[in-house]
Amino acid sequence: MSLDRQPMTVRVLDREFTISCEPHEREQLLDAARYLDLRMRDARDHGPSLTYEKIAVMSALNICNLLLQQERELREREQHIDQRVAALTDKLQRELDERG
């Protein structure tokens with residue numbers, strides 16, 4: 001663990017949490033806390049009787065679902081690009097073979 005880690009406080013759904021991080025991680029951590037706060041507020045607004053823990057779990061599941069969906073889409077795009085590159089490489093090779 002780095003000696004540069006320093007505690008910082010983030011606020012999520014009206015609760016404060018102290019988290020240790022390196023100085024270059026601070027802005028990303030603040031962005032993540034703001035995003036989580038928004039998602040938890042949205043969950044709370046849709047289920048005002050939910051406990052803090054249920055709101056946190058629902059928000060985490062929604063965020064994980066979004067992350068997994070984006071990872072799937074990225075893999076599909078990468079596969080499409082790989083297939084397209086392979087097809088173009090084959091086409092180019094055929095053209096070169098015909099001329100050579």
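**Entry 1: the parts**

I looked up the secondary structure first. The protein has two helices and two strands. I am working on a predicted model. I then read along the sequence and noted the order. The pattern is β-β-α-α.

Next I asked how spread out the protein is. Its radius of gyration is 23 Å. The globule rule gives 13 Å for 100 residues, and the value here is well over that, so the protein is more spread out than a compact globule. I also looked up the box that the C-alpha atoms fill. Along the principal axes, the box is roughly 70 × 40 × 15 Å.

**Entry 2: surface and contacts**

How many of the 100 residues count as buried? I found 14%. The accessible surface comes to about 8300 Å². Carbon and sulfur atoms hold 54% of that surface.

I then turned to contacts with a separation of 6 or more. Residues 24 or more positions apart account for 30% of them.

**Entry 3: the hairpin**

I went to the strands. Strand 1 covers residues 6-12, and strand 2 covers residues 15-21. Do they run parallel or antiparallel? They run antiparallel, and seven bridges join them. I picked one pair to look at across the two strands. Thr9 stands opposite Thr18, which is in strand 2.

The two strands form a hairpin, with two residues between them. I looked up both residues of the loop.

Leu13 lies in the loop between strand 1 and strand 2. Its phi is near 45°, which is a positive value in a residue other than glycine. Is Leu13 buried or exposed? I noted a relative accessible area of 7% for Leu13. Buried means under 20%, so Leu13 counts as buried.

Asp14 lies in the loop between strand 1 and strand 2 as well. Asp14 has a positive phi too, near 70°, and is a residue other than glycine. The relative accessibility of Asp14 is 45%. Partly exposed is the range between the 20% and 50% cut-offs, so Asp14 counts as partly exposed.

**Entry 4: Asp37 and the turn**

I moved on to helix 1, residues 26-46, where Asp37 is found. Its relative accessible area is 14%. That value is under the 20% cut-off, so Asp37 is buried.

Which residues does Asp37 touch, leaving out those up to four places away in sequence? I listed Arg11, Val12, Leu13 and Asp14. Leu13 and Asp14 I already knew from the loop between strand 1 and strand 2. So I looked at Leu13 again. The backbone nitrogen of Leu13 lies 2.6 Å from a polar atom of the Asp37 side chain.

Asp37 has a polar contact inside helix 1 to note too. What does its side chain contact there? It makes a polar contact with the side chain of Arg41, at 2.8 Å.

**Entry 5: a look at helix 2**

Last, I looked at Ala86. It lies in helix 2, which runs over residues 52-99. Its relative accessibility is 37%. This falls between the 20% and 50% cut-offs, so Ala86 counts as partly exposed.

I also checked a distance from Ala86. Ala86 and Glu98 are 12 residues apart in sequence. In space they are 18 Å apart, C-alpha to C-alpha.

How values were computed: Residues numbered from 1 in each chain as written. Predicted model: local features only at pLDDT ≥ 70, side-chain atom pairs only at ≥ 80, totals over all residues. Heavy atoms only, no water. Pairing = 2+ DSSP bridges. Helix = DSSP H or I, 4+ residues; strand = E, 2+ residues; numbered from the N terminus. Buried < 20%, exposed > 50% of the residue type's maximum accessible area, 1.4 Å probe, protein only. Polar contact = N/O pair within 3.5 Å; in protein donor to acceptor, adjacent residues only side chain to side chain. Contact = heavy atoms within 4.5 Å. Rg over C-alpha atoms; globule rule 2.2 N^0.38 Å. Areas by Shrake-Rupley, 256 points an atom, 1.4 Å probe, with all protein chains shown as cover.
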